[in-house]
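Work through the exercises below with the structure open. Each task is followed by its solution.

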Amino acid sequence: MKAMILAAGLGTRLRPLTNDRPKALVEVAGRTLLEITLARLRTFGVSEVIVNVHHFADMVVDYLKSHDNFGMHIEVSREEVLLDTGGGLKKAGWFFLKDASRADEPFLLHNVDVISTIDLGRMVQSHKQNKALATLAVQKRESSRQLLFDEHLQLCGRRAGRDPEPEIARPAAHLEPLAFSGIHVISPRVLPMLTEDGIFSIITSYLRLGSKGESIRAFRADEYYWRDLGKPDDLEKAARDLEQKTLTP
């Protein structure tokens with residue numbers, strides 16, 4: 001199975017830790033975020049990965065080389081300008097389309113700065129069973145940005161904390177706000193559908209595609225541990241969770 005790790009961000013919320021390194025190489029309990037993410041992916045059968053890089057890009061390349069790519073086939077997608085999640089995936093899309101015999105095989109898209117115990121195998125299975133274009137791991141928790149899903153777990157809209165009105169792409173009688181966890185399962189057929197150019201969020205594409213009837217589904221991950229590692233105190237909390245066996249990445 002293939003995957004993409006989104007690791008190009010500046011990691012501004014992690015400063016001063018990211019003043020001299022990319023966020024992918026910030027450590028939790030002696031392991032880098034990149035190593036932890038790669039290990040999680042490998043556990044679920046991922047053997048081929050592409051990592052997007054920008055901030056201190058050469059450090060990521062050298063790190064992977066020095067660790068023999070952790071025994072995986074790893075490619076790097078360099079972004080001269082940060083392209084956001086959608087633009088980053090579009091630029092790296094060739095990685096998932098180069099083998100015509102695997103054109104229908106879904107892949108994982110995983111933020112480097114989240115850590116969880118989400119069962120990625122169950123998530124892939126759900127994606128296949130529902131013949132979805134994309135499946136998003138979500139939870140019922142507080143978040144400044146919420147995705148809105150209908151009773152069939154189809155993506156219908158989003159709401160940002162400061163926006164008085166939600167953005168609705170697919171009207172529904174009842175909408176449930178859920179927080180996105182930065183982990184997707186995606187069918188490669190979405191790649192030619194990314195008509196946006198340059199810098200754009202993949203959520204923008206999902207909403208557009210959902211409005212046209214494509215299946216962008218939720219995977220309810222409420223039962224699993226999840227933490228965003230965007231700030232230094234989040235790293236400390238995750239390290240404590242590792243020590244207490246709350247988390248086994």
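**Exercise 1.** Find the charged end that sits over the ring of Phe-95.

Solution. The model is predicted. Lys-2 places its charged end over the Phe-95 ring. The distance to the ring centre is 4.9 Å. A second such contact involves Arg-141, which lies over the face of Trp-226 at 3.7 Å from the ring centre.

**Exercise 2.** Classify the aromatic pairs that Phe-95 forms with Trp-94 and with Phe-96.

Solution. Step one: the whole structure holds four aromatic pairs. Step two: the ring centres of Trp-94 and Phe-95 are 5.8 Å apart, and their planes meet at 85°, so this pair is edge-to-face. Step three: Phe-95 and Phe-96 are also edge-to-face, at 5.2 Å centre to centre and 85° between planes. Step four: ring pairs join Trp-94, Phe-95, Phe-96 and Phe-107 into a cluster.

**Exercise 3.** Assign Trp-94, Phe-95 and Phe-96 as buried, partly exposed or exposed.

Solution. Buried means under 20% relative accessible area. Phe-95 has 0%, so Phe-95 is buried. Phe-96 has 4%, so Phe-96 is buried. Trp-94 has 41% and is partly exposed.

**Exercise 4.** Decide whether helix 1 is largely enclosed or not.

Solution. Helix 1 spans residues 33-43. Eight of its eleven residues are buried, so the rest of the structure largely encloses helix 1. Among the buried residues are Leu-33, Ile-36 and Arg-40. Just after helix 1, Gly-45 adopts a positive phi of about 90°.

**Exercise 5.** Describe the largest pocket by volume and lining.

Solution. The volume is about 1300 Å³. Of 43 lining residues, those closest to the centre are Asp-84, Thr-85, Asn-111, Arg-145 and Phe-180. The lining divides into 16 nonpolar, 14 polar and 13 charged residues. Strand 12 gives the largest share, four residues.

Technical notes: Residues numbered from 1 in each chain as written. Predicted model: local features only at pLDDT ≥ 70, side-chain atom pairs only at ≥ 80, totals over all residues. Heavy atoms only, no water. 1 Å grid on protein atoms, 1.4 Å probe; cavity = no way out; pocket = protein on both sides within 12 Å on 5 of 7 lines; lining within 4 Å. Points joined across faces, edges and corners; volume = space filled by probe spheres on them. Helix = DSSP H or I, 4+ residues; strand = E, 2+ residues; numbered from the N terminus. Nonpolar A, V, L, I, M, F, W, Y, C, P; charged D, E, K, R; others polar. Buried < 20%, exposed > 50% of the residue type's maximum accessible area, 1.4 Å probe, protein only. Phe/Tyr/Trp six-rings, centres within 6.5 Å; stacked < 30°, edge-to-face > 60°. Lys NZ or Arg CZ within 6 Å of the ring centre and 35° of its normal.
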